[in-house]
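Hi everyone, thanks for making time today. I'd like to walk you through one structure, going slowly and picking out a handful of places to look at.

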Amino acid sequence: MTAQESAHGLLAAERADTLARLTGLEREYAGIVDSVSANTDDEHDPEGATIAFEREHAAALISQARQHLAQIDAAMGRLADGGYGRCETCGQPIGAERLAARPTTTTCIGCASRR
């Protein structure tokens with residue numbers, strides 16, 4: 001298996017996992033919103049956390065999952081056009097270990113540590 005095939009497989013698996021997580025989070029968010037209409041106490045749920053907090057927490061997780069999905073799609077685009085594995089800051093190759101740990105990364109460890 002080539003490095004490109006390996007990267008594609010890793011990104012495809014991560015994309016599938018992210019889509020599954022996003023679907024679950026959206027279902028959870030819908031449940032929270034639906035519970036507001038069933039619960040006249042819009043200040044607190046039975047365990048003390050506010051419904052608004054739960055709703056905003058779920059919305060933030062959905063936003064993060066969507067951002068990660070966009071990063072995966074961008075990485076797949078770079079893979080297709082030959083730019084995957086090159087630092088967008090300095091143009092040097094990104095180490096294989098870094099790409100294995102963070103397959104959507106766009107910077108080498110040197111440039112990332114300077115941020």
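Let's begin with disulfides: this predicted model holds zero of them. As a reminder, a disulfide is a covalent bond between the sulfur atoms of two cysteines. So why is Cys108 not bonded to Cys111? The sulfur of Cys111 is the closest cysteine sulfur to that of Cys108, but the two are 3.7 Å apart, which is too far for a bond. The cut-off for a disulfide is 2.5 Å between the sulfurs. Seen from the other side, Cys111 is in no disulfide either, and its nearest cysteine sulfur is that of Cys108. Both residues are tucked away from the surface: Cys108 is buried, with a relative accessible area of 12%, and Cys111 is buried as well, at 8%.

Where do these two cysteines belong, then? They are part of the largest nonpolar core, which has eleven residues. The other members are Ala7, Leu11, Ile72, Ala75, Leu79, Tyr84, Cys87, Ile94 and Leu99. Helices α1 and α2 each supply at least two residues of this core, and α2 gives the most, with three. There is also a second, separate core of five residues, including Leu22, Leu25, Ile62 and Leu69. Here is a general point to keep in mind: in soluble globular proteins, nonpolar side chains tend to be buried together.

Let me pick one member of the big core, Ile94. Which residues does Ile94 touch, leaving aside neighbours within four places in sequence? Ile94 is in contact with Gly85, Arg86, Cys87, Leu99, Thr105, Thr106, Thr107 and Cys108. Notice that Cys108, where we started, is on that list.

Now for helix α2 itself. It has 31 residues and reaches 45 Å from its first C-alpha to its last, close to the 45 Å expected at 1.5 Å a residue. Its buried residues are Ile51, Ala58, Ile62, Ala65, His68, Leu69, Ile72, Ala75, Arg78 and Leu79. When you read that list, remember that an α-helix has 3.6 residues a turn, so residues three or four places apart point the same way.

Thr18, in helix α1, shows us how the helices meet. Thr18 is buried, at a relative accessible area of 1%. Beyond its close sequence neighbours, Thr18 is in contact with Ala65, His68, Leu69 and Ile72, and those four also appear among the buried residues of α2.

One buried residue of α2 may catch your eye: Arg78. What is the nearest side chain of opposite charge to Arg78? That is Glu88, 6.0 Å away, and Arg78 has no salt bridge. Setting aside residues up to four places away in sequence, Arg78 touches Gly83, Tyr84, Thr104, Thr105 and Thr106.

That brings us to the glycines. Right after α2 comes Gly82, whose phi is positive, near 90 degrees. Gly83 sits in the loop between α2 and α3 and is partly exposed, with a relative accessible area of 24%. Gly83 and Pro93 are ten residues apart along the chain, and their C-alpha atoms are separated by 9.8 Å.

Finally, Gly31 lies in helix α1 and is partly exposed at 40% relative accessibility. Its C-alpha is 9.4 Å from that of Arg55, although the two residues are 24 apart in sequence. Thanks for listening, and please do ask questions!

Terms used:
Residues are numbered from 1 along each chain as its sequence is written. This is a predicted model: local features need pLDDT of at least 70, side-chain atom pairs count only at pLDDT 80 or more; totals for chains, interfaces and linings use all residues. Side-chain values use heavy atoms; hydrogens and water are left out. Buried means under 20% relative accessible area, exposed over 50%, partly exposed in between (1.4 Å probe, protein chains only). Contact means heavy atoms within 4.5 Å. The expected span of a helix is 1.5 Å times one less than its number of residues. A nonpolar core is a set of buried Ala, Val, Leu, Ile, Met, Phe, Trp, Tyr and Cys residues joined through side-chain atoms within 4.5 Å. Lys and Arg count as positive and Asp and Glu as negative; His and the chain ends are not counted. A salt bridge is a side-chain nitrogen of Lys or Arg within 4 Å of a carboxyl oxygen of Asp or Glu.
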